[in-house]
Every structure is written in structure tokens, then in C-alpha cells.
Amino acid sequence: MLKRKTDRSQALFEEARTYIPGGVNSPARAFQAVGTHPRFIERADAQFIYDVDGNSYIDYIGSWGPMILGNNHPDVLKTVQDTIVNGLSFGAATEREVTMAKLVCQMSPCFDMVRMVNSGTEATMSALRAARGYTGKSKIIKFEGCYHGHSDGLLVKAGSALIAEGGTPDSAGVTANCAKDTLTARYNDLDSVEKLFEDYKGDIAAVIVEPVAANMGVVLPQNGFLEGLRAICDQHQAVLIFDEVITGFRLAPGGAQELYGVIPDMAAFGKIIGGGMPVGAYGGRREIMECVAPVGKVYQAGTLSGNPVAMAAGIAQLTRLKEDPTVYQHINALGDLLYGGLIDIIETAKAECTVNHVGSLGTLFFTGGPVTDYDSAKKSNLKGYADYFLHMLDGGHYFAPAQFEAMFISYAHTEADIKSTLEEAARFFGV
Ligand SMILES: *Cc1c(COP(=O)(O)O)cnc(C)c1O
């Protein structure tokens, strides 16, 4: 039996469902997978998030990553307040966009140039268009279980043997024609990539990958996987794109590229880059980015792209991340504490669970594992996760309302927070 009152959230959810499909503006925030209604949020501060019924929670979602410095960070907030008084948007070039572009190019190893957009979806979609424009080839390879936003060509799953060419739509409304240029390989399986390059010789423009997968739960690249992708792309003159919408600025100031020392040709960012404002970015080698309009023939645009308020928030957050190594020391140390603690608990409880983690990012899978790709992630006991989630939520610990997501730790979290979360988890597992 849940202890907390959620009447107001429940009432809002009822009303929301009348006007918004499923009551939410993004499926990830529906609590459908865990059999309850969303908690409607009123405010968030530092490591805490507060719902409309007056409940507070330790926040392990952090807006799905952006709040890496903690919710409502004073530096980010101040710069937004200072900026809005001059107007919310001009649709014209501004100095802040230059500052932001320079900053991102300095931080991201693969960036000579960058274009700002408004979401991660736009970033990956535009990066792929640039890669196709640059190579003149049409097919792309993605990996099963990786998520790259909701553009047509990326909502595609592995094709069935009955279909001669390419993938099949993973969403109603995506046409077979859109899906056929997207080929699907298995994460951590270089042979599956090489086979596609054999089968579609000369046709593959790009390989797009989450360098650490975080949308089938967290799945780490095995030794040699990213290096292997680099080598295969070099061999076939295909563009290697890292989708760092989650890993970017989180695993290191230079993201997974920096952490693993594998430099892609292009990368896509989102989430952290906007400090909580809707921002995405794609970029990479100069010769590829110079294919983009108005210099090149690849068209891509955005009325609100490089928005002054969003740039101000992003600059404030990224500057802090670039200049203050204690942020990464802190979140990584807390990651070791949380994920190490969870591993101890599931071992003591002899629970059929697996913890995958790197730095501040991790997932507790309800399967004995190991979890190395989508097939092994899918073995998870979803009812087990839902029970765990509800127990933790009721105890004041706010995790992703679905198994195949990540936990996010921020600079505002403390050792005491992690310890209290581990105590709650230990109670769930009965140890
Ligand atoms: C969230 C996410 C996206 C999509 O970003 P939106 O801003 O939601 O469009 C793309 N790729 C990855 C890896 C993501 O986690």
C-alpha cells in the first residue's frame, strides 16, 4: 500500500488525458510501464523535485540528464533572468551563438564546426542529412535498442527475413520507404556491422551509435567496439556519428569521445547542452559541416535555433562543466557509491539483477545478465522493475518510470542522499 497522497496528481492526470494524448507531452514521462499515474511536478531545486501534492523526492532523473549541476542551478538561473529582459528571440545572429559555438568546439574533440538546433531529434536527423549530403550515399546503420529521437528514418527496427531490403517501421505512420534506408545492427557486435557493409557495399553513408547506450537501459560498449566502428567506417568511407545526447558533457567535458578516446566524424548533442532549455547541436569535421546551407547544399534551418535565452543557459552550464573538474569528480564518486552499493545489495539478496554503469550513469536491470545488447536487456522482468520503482517512489526516490532508462546523478546530490536511497533499496530487496 502506498503511503503518500497523490490525489492532486491523479486529478490533473484525469484532466490531462482529456486534452493531451495519454496526458503527457512525451511518452517517457508517462508512468504507464509501472502501472501508476505520473506525479505532476510543481518545482525542483538542487537534488530534489516536488510534486503538486507536497511530496518531495530525491531526483534521479534530472529532466533526463540536463540538470547535471542540480535543479534550478543559481548560475544558470541568473543568466536566464539577465537575458530575458532584452527580448526572447530575434531570429537574427547574436554574439552568444559565437560564444556557444566556440565553447562546444573546444569541449567536443570531433567538432571543428557546430550548428545549433532545438532538440536531440533535430540534431541526429540533421547530422544524418549532412552525412548523406557529404558522402552522396543513402543508407545508414543504427543499432537495435539505441534511440536517436523520433524522426521517421530513425524509428526503425531490424527488418524481417521476408523483406528484401532494409529495416521495418517501429512506429505507425512511418512508411516502409522511410525505413528501407535504415539498416539495423546489433550493439557490441562488429560482425553484424561488417555484414551490412558487405551486403550494401558502397551504399552506406553513416553509422550512428550511442557510444554508451542509455535508451535500452545503460549498456556499455565492450572493449574494441567503438574502435572497431571507427575502423570499419574508415575502411568504407562512411561517416561515424556518435549520438552523445545523453553521454555528452556527462561522462567527461568531451563526452564519451574523450572518455573512450575514439573520435567520430560527427556528433549530436542535446539535453545537458541547453542547461534545461530546449537545445540540440550537431557538428563535426569542417569538410562535412561545410556541406550545410548556406555554404553547402544540405538544407537545414531553424527559426528559434540559437535562441538567446537558450544559449545563455547553455553557456552558463557548459562553462561550469569545462572549468570545474570537481563536478565530474563528485558525480563519478557518487556513481561509484550508488552503483557499487546496488551491486552489493543485489548480491546479498541473491536477486536476479544486473547493474550496468559508467560514471554517474547507470541502470539496475531486473535480469541476471550480463546485459550487453537489446536482446539481453529485453530479458528484464518488467514487473520486478515496476515493483521496485513504486517502492522507491513511495519512499521519496524518483527514478525513471521504465526499466529501459538510465539513472542520472547531479552535482547537487550528496553522499547522504545516495546512502538513504541505498537503504530504501535494501529494504525493497529485504536485506
Ligand atoms: C533524448 C535522446 C534523443 C532525442 O532528444 P530529444 O531532445 O528528446 O529530441 C536522441 N538521442 C539520444 C541518445 C537521447 O537520449
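**Exercise 1. Which residue just after α7 takes a positive phi?** Then describe how α7 is covered in this predicted model.

*Solution.*
Step 1. Locate the helix: α7 comprises residues 225–235.
Step 2. Examine the backbone that follows. Just after α7, Gln237 has a positive phi of about 50°.
Step 3. Identify the buried residues of α7, which are Phe225, Leu226, Gly228, Leu229, Arg230, Ile232 and Cys233.
Step 4. Find what covers these buried residues. The covering elements include the strands β5 (139–143), β9 (204–209) and β10 (239–243), together with the helices α6 (190–199) and α8 (255–260).

**Exercise 2. Determine how α11 and α14 are oriented and which residues join them.**

*Solution.*
Step 1. Recall what is needed: two packed helices are described by the angle and the distance between their axes.
Step 2. Apply this to α11 (residues 326–349) and α14 (residues 415–429), whose axes come within 10 Å and cross at roughly 15°.
Step 3. Classify the angle. Angles under 35 degrees count as roughly parallel, and α11 and α14 are therefore roughly parallel to each other.
Step 4. State the handedness: the crossing of α11 past α14 is right-handed.
Step 5. List the partners. From α11, Leu334, Leu337, Leu338, Gly341, Leu342, Ile345, Ile346 and Ala349 take part; they meet Glu415, Ile418, Thr421, Leu422, Ala425, Ala426 and Phe429 of α14.
Step 6. Sort the residues by class. The contact of α11 with α14 contains 12 nonpolar, two polar and one charged residues.

**Exercise 3. Classify the aromatic pair formed by Tyr385 and Tyr388, and place the two residues in their surroundings.**

*Solution.*
Step 1. Begin with the whole structure, which holds 17 aromatic pairs.
Step 2. Consider the geometry of Tyr385 and Tyr388: their ring centres are 6.1 Å apart, with 55° between the planes, and the pair is tilted.
Step 3. Place the pair in the chain. Both residues belong to helix α13 (residues 382–394), three residues apart, or about one turn of the helix.
Step 4. Assess burial, for which the cut-off is under 20% relative accessible area. Tyr385 has 6% relative accessibility and therefore counts as buried; Tyr388, at 2%, also counts as buried.
Step 5. Widen the view: Tyr385 and Tyr388 belong to one aromatic cluster with Tyr60, Phe366, Phe399, Phe428 and Phe429.

**Exercise 4. Is Ala46 buried or partly exposed, and with which residues is Ala46 in contact beyond its neighbours within four places in sequence?**

*Solution.*
Step 1. Locate Ala46 in the loop between β1 (41–45) and β2 (48–51).
Step 2. Read its relative accessibility of 24%, by which Ala46 counts as partly exposed.
Step 3. Set aside the neighbours within four places in sequence; Ala46 then contacts Gly70, Asn71 and Ala412.
Step 4. Compare positions along the chain and in space. Ala46 and Tyr411 are 365 residues apart along the chain, yet 8.5 Å separates their C-alpha atoms.

Definitions and conventions:
Residues numbered from 1 in each chain as written. Predicted model: local features only at pLDDT ≥ 70, side-chain atom pairs only at ≥ 80, totals over all residues. Heavy atoms only, no water. Axes fitted to C-alpha atoms, helices over the stretch in contact; angles between N-to-C directions. Helix = DSSP H or I, 4+ residues; strand = E, 2+ residues; numbered from the N terminus. Parallel < 35°, antiparallel > 145°, perpendicular 65-115°, else oblique. Left-handed = near helix turned anticlockwise from the far one by under 90°. Contact = heavy atoms within 4.5 Å. Nonpolar A, V, L, I, M, F, W, Y, C, P; charged D, E, K, R; others polar. Phe/Tyr/Trp six-rings, centres within 6.5 Å; stacked < 30°, edge-to-face > 60°. Buried < 20%, exposed > 50% of the residue type's maximum accessible area, 1.4 Å probe, protein only.
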